[in-house]
Every structure is written in C-alpha cells, then in structure tokens.
Amino acid sequence: MIDGGKLLFQLVKSTVGFIAAVLSCGLFLAWGFFQDAGTAQDPVAFAAMIGTGLVTASVLGGFAMVPGLIAIAVAEMLSWRGVVYHVGVAGLIALGVWTLDPDAAAPAVRPGTTIALAAGFLAGFVYWVIAGRTSGSWRVTSD
C-alpha cells in the first residue's frame with residue numbers, strides 16, 4: 001500500500017534535496033577554484049565565486065539529472081536509507097560526469113579526479129540529510 005500524502009511529501013523532499021545537492025556541489029567546486037583569489041576580503045571576488053557556483057550547479061544538474069533520478073528511484077523503491085549508498089552513488093555520478101570528455105583517451109587518472117569525487121560525496125551527503133534518510137517512508141507496511 002502507498003500513503004499518498006507521504007509520497008507527495010517525499011517527492012517534494014527529493015526535488016529539494018537534489019537541487020540542494022547540486023548547488024552544494026557547484027559551490028564547493030567554485031570555492032576551491034576561487035580559494036587563492038582572496039574572496040574573504042574582496043566582495044567582488046566573493047560575488048564572482050557565488051555566481052560561478054550557481055552556473056556550475058546548473059550545468060552539473062543537467063549532466064547528473066538522469067543518473068541521479070535513477071539512483072533516487074532505486075533508493076525509494078528499495079527503501080535504502082543508508083548514507084553510504086547515497087554518498088557512494090553521488091560520488092560515482094560525479095566521477096562519471098568528470099570522465100565524460102571523449103578526447104581524453106589516457107588510461108591514467110585525470111588531474112582533479114579527487115576534487116570531483118569530493119564534490120560528489122558532498123552532494124550525496126546533502127541529499128541524504130534532506131531526503132535520503134526517509135527513502136521509502138511512503139510505503140505502508142501491513143502487520
């Protein structure tokens with residue numbers, strides 16, 4: 001059985017969680033890029049960092065939307081609520097997005113792979129905090 005109200009609330013939480021996860025990923029990458037620019041003292045550099053983070057988040061959201069929705073659907077259907085699943089899958093999605101370059105035929109690990117993984121892990125954790133902890137809670141179990 002399905003509880004319709006809980007399902008609707010979980011869908012809203014999943015949407016907000018995905019958006020927050022992508023935003024945190026984009027802002028994390030922008031913060032790392034602008035770290036040497038002295039954003040603490042310069043408000044223009046800080047605004048550029050925030051703007052770059054928002055644009056990065058929108059691009060990453062476009063690339064990660066389909067695999068993210070598949071991972072969310074699997075977690076919801078199987079009621080997987082573990083932080084390890086959500087962090088691990090987000091890290092794999094980030095690694096997949098990072099290695100999308102068709103011109104990079106080198107078998108070695110590309111520079112920046114650890115940063116991309118860290119950003120994915122952060123995004124997975126943010127999603128888990130918002131919506132992943134209650135995955136599958138809309139299913140009503142009969143005793």
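Is Tyr127 buried or exposed? Keep that one in mind for a moment, everyone, while I introduce the structure. What we have on the screen is a predicted model.

Let me begin with the overall layout. The chain has 143 residues, and 32% of them are buried. You will find four helices and zero strands here, so to speak an α-α-α-α run when you read from the N terminus. If you put a box around the C-alpha atoms along the principal axes, that box is roughly 60 × 40 × 20 Å. The surface that the chain exposes comes to about 8700 Å², with carbon and sulfur atoms supplying 75% of it. And here is a number about the fold: take the contacts with a separation of 6 or more, and 78% of them link residues 24 or more positions apart.

Now back to the opening question. Tyr127 is buried, because its relative accessible area is 6%, and buried means under 20%. This tyrosine lies in helix H4. Who are its contacts? Leaving out residues up to four places away in sequence, Tyr127 touches Ser14, Gly17, Phe18, Ala21, Ile72, Glu76, His86 and Gly132. There is also a nice long-range pairing to point at: Tyr127 and Ile19 are 108 residues apart in sequence, yet their C-alpha atoms are 8.6 Å apart in space.

Tyr127 also brings us to the inside of the model. The largest nonpolar core has 18 residues, and those touching the most other members are Cys25, Tyr85, Val89, Ile93 and Tyr127. Helix H1 (4-33), H2, helix H3 (83-98) and helix H4 (113-130) each supply at least two residues of this core. Which helix gives the most to it? That is H2, with six residues. As for Cys25, its contacts beyond four places in sequence are Leu60, Ala119, Gly120 and Ala123.

Let me stay with buried residues for one more example. Gln10 lies in helix H1, and this glutamine is buried too, with a relative accessible area of 2%. Setting aside neighbours within four places in sequence, Gln10 is in contact with Glu76, Ala131, Thr134, Ser135, Ser137 and Trp138. Notice Glu76 in that list; Glu76 is also among the residues that Tyr127 touches.

Next, please turn to the surface. Met65, Val66, Leu69, Ile70, Val74, Met77, Leu78 and Trp80 form a nonpolar patch there, and together they have about 740 Å² of accessible area. One of them, Leu78, has its place in helix H2 (residues 43-78). Leu78 is partly exposed, at a relative accessible area of 47%.

Moving along from Leu78, we come to Ser79, in the loop between H2 and H3. What is the phi of Ser79? It is positive, about 55°, although Ser79 is not a glycine. Ser79 is partly exposed, with a relative accessible area of 28%.

Then comes Trp80, another member of the surface patch. Trp80 is partly exposed as well, with a relative accessible area of 39%. The count of aromatic pairs in the model comes to two. Trp80 and Tyr85 form an edge-to-face pair, 5.1 Å centre to centre and with 70° between the planes. So here is a link to trace on the screen: Trp80 belongs to the surface patch, its ring partner is Tyr85, and Tyr85 is one of the residues touching the most other members of the core.

Technical notes
Residues numbered from 1 in each chain as written. Predicted model: local features only at pLDDT ≥ 70, side-chain atom pairs only at ≥ 80, totals over all residues. Heavy atoms only, no water. Patch = residues over 30% accessible without salt bridge, like charges linked within 9 Å, V, L, I, M, F, W, Y side chains within 5 Å. Areas by Shrake-Rupley, 256 points an atom, 1.4 Å probe, with all protein chains shown as cover. Salt bridge = Lys/Arg side-chain N within 4 Å of Asp/Glu carboxyl O. Buried < 20%, exposed > 50% of the residue type's maximum accessible area, 1.4 Å probe, protein only. Core = buried A, V, L, I, M, F, W, Y, C linked by side-chain atoms within 4.5 Å. Contact = heavy atoms within 4.5 Å. Phe/Tyr/Trp six-rings, centres within 6.5 Å; stacked < 30°, edge-to-face > 60°.
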